[in-house]
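Welcome to a short tour of a protein model. Please take a look at the fold first, and then we can walk through it together.

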Amino acid sequence: MRKGKVERNTKETKISCEINLDGAGQSKISTQIGFFDHMLELLSHHSLIDIDLKCEGDTNVDLHHSVEDTAYAIALAINKALDDKKGINRYGFCLLPMDDALIRVALDFSGRSFLSWKVNFPTNRVGNFDLELVREFFNAFSTNSGTTLHVEMLDGFNSHHISEAIFKATGKSIKMAIEKNKGVEIIPSTKGSL
């Protein structure tokens, strides 16, 4: 089983994160931010990655530190579990409709971080959750996992649906990228390393 564990303690957040890449999309998530917990549960479910995550953050100040540091922990745990990346597909993509929202995600576990973000939320918030933090999450994920990540909103007018579709499409793309090719134990790069 490909598993990774990360613990991160700073003055702003205390996070423990355990993941199993070969799971069934089971999650136990507590970040003290209801909407964000829901998005992470969707990511887990659609990637089939089991995620056990607890974050205690300075949410009395802002939600930013908790969201960004959670992405950091998940990214590092995935990298640990991927190890040298032998046999994985490396690339993943998804075109995902959710009611009014249509989201396209493509990613590459290349070792090179890059985020292309073409999303315009119609509102600034969903409940008390500042939607600029969705981009911050994926920026931190891309940076700390060394992933090239393209996220594009093709349609949508409901901010909740748009956010949900982004997390679902990213989960589906991750699932495709980390899937192992049976009997193939080569690193998916002509350079011989990722």
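A residue is called buried when its relative accessible area is under 20%, and exposed when that value is over 50%. By this rule, buried residues account for 52% of the 194 residues in the protein chain. Please keep in mind that the model is predicted.

**The chain as a whole**

Let us begin with the overall layout. The protein chain contains four helices and ten strands, and their order along the sequence is β-β-β-α-β-α-β-β-β-β-β-α-β-α.

How does the radius of gyration fit a compact globule? For 194 residues, such a globule would have a radius near 16 Å, and the protein chain has 16 Å, so the two agree. Along the principal axes, the C-alpha atoms fill a box of roughly 45 × 40 × 25 Å.

Contacts tell us about the links along the sequence. Among contacts in the protein chain with a separation of 6 or more, 77% are between residues 24 or more positions apart.

The surface comes next. The protein chain exposes about 9200 Å², and carbon and sulfur atoms supply 48% of that area. As for charge, there are 23 positive and 26 negative side chains, with the centres of the two sets 7 Å apart.

**Two helices**

Here are helix 1 and helix 2, with the spans between their end C-alpha atoms.

| Helix | Residues | Number of residues | Span | Expected span |
|---|---|---|---|---|
| Helix 1 | 34–47 | 14 residues | 20 Å | 20 Å |
| Helix 2 | 64–82 | 19 residues | 27 Å | 27 Å |

The expected spans rest on a rise of 1.5 Å a residue; for helix 2 the end C-alpha atoms are 27 Å apart, which agrees with that expectation.

Why is helix 1 described as largely enclosed by the rest of the structure? Ten of its 14 residues are buried, so the description follows from that count. The buried residues of helix 1 are F35, F36, D37, M39, L40, L42, L43, S44, H46 and S47.

Each of these helices is followed by a residue with a positive phi. Just after helix 1, L48 has a phi of about 65°, while D83, just after helix 2, takes about 55°.

**A loop residue**

Is N120 buried or exposed? Its relative accessibility is 64%, and because exposed means over 50%, N120 counts as exposed. N120 sits in the loop between strand 7 (114–118) and strand 8 (125–126). The C-alpha atom of N120 is separated by 31 Å from that of K14, a residue 106 positions away along the chain.

Definitions and conventions
Residues numbered from 1 in each chain as written. Predicted model: local features only at pLDDT ≥ 70, side-chain atom pairs only at ≥ 80, totals over all residues. Heavy atoms only, no water. Helix = DSSP H or I, 4+ residues; strand = E, 2+ residues; numbered from the N terminus. Rg over C-alpha atoms; globule rule 2.2 N^0.38 Å. Buried < 20%, exposed > 50% of the residue type's maximum accessible area, 1.4 Å probe, protein only. Contact = heavy atoms within 4.5 Å. Areas by Shrake-Rupley, 256 points an atom, 1.4 Å probe, with all protein chains shown as cover. Lys, Arg positive; Asp, Glu negative; His and termini not counted. Charge placed at Lys NZ, Arg CZ, Asp CG, Glu CD. Expected span 1.5 Å × (residues − 1).
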